[in-house]
Amino acid sequence: MSKTSTQAQITRASLVRQFALEVSGGLTKPWQKELPSKYLYDPVGSALFEVICALPEYGLTRAEERLLQLHAREIVDQLPRPVVVAELGSGTGRKTRLLLEALARWQSTWYHPIEISPAALAVLRRELRDINSISIVGFEREYLDGLREVAARRAPGEHLLVLFLGSTIGNFDGAAGSDFLRQLRQILQPGDSLLLGTDMLKPVPTLISAYDDPVGVTAAFNLNLLARINRELGADFKLPQFKHLAVFNEETRSIEMHLRSCSRQKVTIPEASISIQFEKNETIWTESSHKYSPEELISLARHSGFHCQEQWMDQSWGFAENLWIAE
Ligand SMILES: C[S@@+](CC[C@H](N)C(=O)[O-])C[C@H]1O[C@@H](n2cnc3c(N)ncnc32)[C@H](O)[C@@H]1O
């Protein structure tokens, strides 16, 4: 066996160990069982997320695409040069093309997508390789680990533009979002930029159908997390015994996705060395998507060490693209 394939096996084993630890930690919480949303994105989850983005009810992706179509040139024209681009949770990078093409007009650019889903990263590399003057070096890493690596590689005088699109920041619960932005700011230098996509508060029925579509794609995306635990950790979740649920939490102004147990049942997860009892109607909380107000974004920028240089708003869906500069 070659050294590289042994290394790949060790890495794979430690990822599975980490997955088992986090599943066990989340499912043994005393009040509310939870699973980290990052595990929604295995190859099946990443493919389902692409379909979600095309659903008529999920207006978020199209709104951000409209904003970038209208303003990509204006955004990049405000950046100091030369600039290196890092993107957190890039997914397949479809919307990013608009920014990269605008940047490619005035400089050759390094673009570093940072993604935990190797499947999404592989699609991105294939889809964006035709853009002239853009060199892609991706990192299959967690957000801030990847960003530290990019920051460490930058040459003196180069500025960093961090992209965090798709309102993925809203997946951090409560204070975790501003803690994350503060940690991100620590990695940057004054004058670096963050382009942050944020979904805005809107009527609850619109939000619920965005996260519980009639075709059932979002339900499949959510349930795939249990299927992934079956595949990778040898568990015996019976998928028809769990139902997708999307609720709006008024207090946190977040859509929460849950998986509700349809009966009293026990599930065994051998790789995590646990058996879990579920009561009828008990839920597993799998993802939050916080919805923002304009004032909240201004104070969030200030509290995380940035100032908001400009904000572009899509009024038809309710989505903001925010250009923040590190102070
Ligand atoms: C909501 S999707 C957004 C994708 C894309 N940015 C867009 O706007 O369509 C979140 C992406 O972040 C990735 N992701 C989730 N948690 C991550 C983490 N901790 N570190 C790196 N990537 C992560 C997922 O694999 C997924 O592709």
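**Local contacts, ligand surroundings and backbone features**

The side chain of S117 forms a polar contact with the side chain of S46 at 2.7 Å, a polar contact being a pair of N or O atoms within 3.5 Å, of which, within protein, one must be able to donate a hydrogen and the other to accept it, while residues adjacent in sequence count only if both atoms are side-chain atoms. The structure is a predicted model, in which local features need pLDDT of at least 70 and side-chain atom pairs count only at pLDDT 80 or more, whereas totals for chains, interfaces and linings use all residues. Residues are numbered from 1 along each chain as its sequence is written, and side-chain values use heavy atoms, with hydrogens and water left out.

S117 is placed in the loop between β3 (109-114) and α5 (118-128), where helices (H or I, at least four residues) and strands (E, at least two) are DSSP runs numbered from the N terminus. With a relative accessible area of 1%, S117 is buried; the classes are buried for under 20% relative accessible area, exposed for over 50% and partly exposed in between, with a 1.4 Å probe and protein chains only. When neighbours within four places in sequence are left aside, S117 is in contact with Y41 and S46, contact meaning heavy atoms within 4.5 Å.

Y41 also takes part in the aromatic pairing of the model. Rings of Phe, Tyr and Trp (its six-membered ring) are paired if their centres lie within 6.5 Å, and planes under 30 degrees apart count as stacked, over 60 as edge-to-face and the rest as tilted. By this rule the count comes to 15 aromatic pairs. In one of them, the rings of Y41 and F221 have centres 5.5 Å apart and planes at 70°, so the pair is edge-to-face. Y41 lies in the loop between β1 (33-34) and α2 (43-54), and F221 in helix α9 (residues 217-233), so this pair ties together parts that are 180 residues apart in sequence. Y41 is partly exposed, with a relative accessible area of 23%, whereas F221 is buried, at 3%. The rings of Y143 and F180, with centres 5.6 Å apart and planes at 70°, likewise form an edge-to-face pair. Because Y143 lies in helix α6 (residues 143-153) and F180 in helix α7 (residues 175-187), this pair ties together parts that are 37 residues apart in sequence. Y143 is partly exposed, with a relative accessible area of 24%, while F180 counts as buried at 6%. Y41 and F221 further belong to one aromatic cluster, which they form with F49, Y58 and Y211.

Y143 also appears in the surroundings of the ligand. Of the 16 residues around the ligand, those that come nearest are G89, K95, E115, E142 and Y143, a residue being near if one of its heavy atoms lies within 4 Å. By class, this shell has five nonpolar, six polar and five charged residues, where Ala, Val, Leu, Ile, Met, Phe, Trp, Tyr, Cys and Pro count as nonpolar, Asp, Glu, Lys and Arg as charged, and the others, Gly among them, as polar. A backbone N or O atom of Y143 lies 3.1 Å from a nitrogen atom of the ligand, and such an atom of I116 lies 3.3 Å from a ligand nitrogen; for G166, a backbone N or O atom is 3.4 Å from an oxygen atom of the ligand. Of the 590 Å² of accessible area that the ligand has on its own, the protein covers 92%, accessible areas coming from the Shrake-Rupley method with a 1.4 Å probe and, for residues, with only the protein chains shown counting as cover.

Strand β6 (residues 193-199) contains T198 as well as L194. T198 counts as buried at 0% relative accessibility, and its side chain makes a polar contact of 3.0 Å with the side chain of N322. Beyond four places in sequence, T198 contacts S167, I169, Y292, L297, F319, A320 and N322. L194 is buried, also at 0%, and, with residues up to four places away not counted, touches V162, F164, L181, L184, F306, N322, L323 and W324.

Backbone geometry adds three local features. The peptide bond from R81 to P82 is cis, with omega near -5°, and P82 lies in the loop between α3 (59-77) and β2 (83-88). S133, in the loop between α5 and β4 (134-136), has a positive phi near 70° although it is a residue other than glycine, and is partly exposed at 36% relative accessible area. R253, which is not a glycine, has a positive phi of about 50°; R253 lies in the loop between β7 (242-249) and β8 (254-261) and is partly exposed, with a relative accessible area of 29%.
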